[in-house]
Amino acid sequence: MHKVIKMTVLLMIINTLLLCISAGQSTDRLLFPRDNFTLETKTIITSAGEKKVTYRSYLHIPYVSKPVDKDYQSLNVSVPVEIDNITVDASNAPILFVIGVGGYMSVNNARSGEGATMGAPARQKTSLPPVPSGVQGRTPGSISRISSRQDLALASGYVVVSPGCRGRDNKASDGTFYGKAPAAIVDLKAAVRYIRHNKGVLPGNTDRIVSVGCSAGGALSALLGASGNSPLYDKYLKETGAANEEDDIFASACFSPITDLEHADMAYEWNYGSLPARSGLVDQELSNQLKSMFSAYQASLKLQGKDGFGLITADNYDEYLLKFYLFPSADKYLKGLGDEKRKEYLQKNTWITWTDQGSKFTFKDYVSHVGRMKGLPAFDDFSMSQPEPNLFGNKTTDSRHFTNFSLRHSTGNMNAEIDSEVTELVNMMNAMYFIRNNNKDCAGYWWLRNGTSDNHTSQTVMVNLVISLENLKKDVNSWTFWDGGHCADEDPEGFIDWIGRITGYNEVK
Ligand code: DHB
């Protein structure tokens, strides 16, 4: 009898435990709805021909439990199940995390619904030029019909996750703003945490998340890569109900990253200061002030150039860019043109000398070829009409200055100081901040790309990221596309192959 009672009590305890576990599962608001998908098929164009890919499409899945706006704080997932009629198993595939942000604007995930099951969510309207996903058709040879990066990823058997996120334009019905810094990076981290929370449920290898984005999206990709598991965001992540998981990622790909915002005005004057903008030459005295601030900043970074170049300073940076980026980039382009077209190009660009040794030109001539795009200051502009002061607004203020230089010149108070709260936000939005502080869970693998004719920010911005990461012994793959513009990507398949190499994943040939 005694035994029977004991047994019954034991069974009751087990039962209660089982009930608790199953109740726990069913109330997990961040559980990925594995069985709730539609099956879609699309034709993807690769350089080796077309591939027919059938994939599971999951749309508009909220990734936080206390969303401020779930139209933005939701994500799409695409999981390949069949490629050219051959079944594929993506359960251990790399996960491409596609950041669709442009201009630091929000990405509305609800609008990416029908027919846009793949890739970056629809971009918000912005005054900035649209950011192409995929190829810029400028390269010699015809690769312009190749599908977008995210489609190519799918055709290689990778899982693609496209999160929405809040941005500087988000405004509630009561007129308050809810997407100012650091909302976008908080949301992206929350999305990474969601993926990790669903390890084994959401297909793909949660230890092989590779982020990608361009421009502001490239900056956020860099930031996601650099700031892994930083406690700085904890309070924001908690507030919006992010999963209690780690948010570091395996690799980060950044096209034309608009980052290091608090030093971007200085860097811009270093690059373009003596060139006229559309409205004429900018104030040379202010330009020179910013230029000398760049010298001090660059010196403070103490970056060592590769191949024994030594310390990189504002004085030798032109030489570094020429040697490691601009000459190799021009050489590849000119070689690829073939004799006839090259002759034509060189006749139009007499500032370039072409010999058996490759191309030669001066940095000054190269910069004149590119031209200046923005005014002064280029980012924290005095009238706060650029995206960046708008990014650093708060709930009730649409835009705020984020550098002492612009705050002082626009108020006339040469002792004015940026609020420490703004400085904290500026740090939280800057990949360089985390790299300089050697954040321990910084991604190990980096793919950085820019166009040589991209004048949205100084060429030093991406290259400083590259050198800083190289100095930390990260695995960095960098290149600039000759004459390529903002967000140029002339090698989307190279990027997909790189993911295969760094993750060791080659299930799909
Ligand atoms: C973008 C472009 C810019 O020139 C800028 O200042 C910020 C963002 C963009 O295209 O995302």
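For this tour, Ala, Val, Leu, Ile, Met, Phe, Trp, Tyr, Cys and Pro count as nonpolar, Asp, Glu, Lys and Arg as charged, and the others, Gly among them, as polar. Keep in mind as you click around that this is a predicted model.

**Stop one: the ligand and its shell.** Select the ligand and show what is around it. You should find 12 residues surrounding the ligand, with G103, S215, K374, E388 and H456 the closest. Colour that shell by class, and 5 nonpolar, 5 polar and 2 charged residues appear.

**Stop two: the ligand's oxygen atoms.** Now show side chains for E388 and H456. In E388, a polar side-chain atom sits 2.6 Å from an oxygen atom of the ligand. Turn to H456, where a polar side-chain atom is 2.7 Å from a ligand oxygen atom. Next, switch on the backbone of A216: one of its polar backbone atoms lies 3.1 Å from an oxygen atom of the ligand. How much of the ligand's surface does the protein bury? Add a surface to see: the ligand taken alone exposes 300 Å², and the protein buries 100% of that.

**Stop three: a helix pair.** Leave the ligand and select residues 261-272, helix 6, together with residues 284-301, helix 7. Their axes are 7 Å apart and the two pack at an angle of about 110°. Angles of 65 to 115 degrees count as roughly perpendicular, so that is how helix 6 and helix 7 are set to each other. For the contact itself, show H263, D265, M266, A267, E269 and W270 on helix 6, then S287, L290, K291, M293, F294 and Y297 on helix 7. By class, these contact residues divide into 7 nonpolar, 2 polar and 3 charged.

Methods: Residues numbered from 1 in each chain as written. Predicted model: local features only at pLDDT ≥ 70, side-chain atom pairs only at ≥ 80, totals over all residues. Heavy atoms only, no water. Axes fitted to C-alpha atoms, helices over the stretch in contact; angles between N-to-C directions. Helix = DSSP H or I, 4+ residues; strand = E, 2+ residues; numbered from the N terminus. Parallel < 35°, antiparallel > 145°, perpendicular 65-115°, else oblique. Contact = heavy atoms within 4.5 Å. Near = heavy atom within 4 Å. Polar contact = N/O pair within 3.5 Å; in protein donor to acceptor, adjacent residues only side chain to side chain. Areas by Shrake-Rupley, 256 points an atom, 1.4 Å probe, with all protein chains shown as cover.
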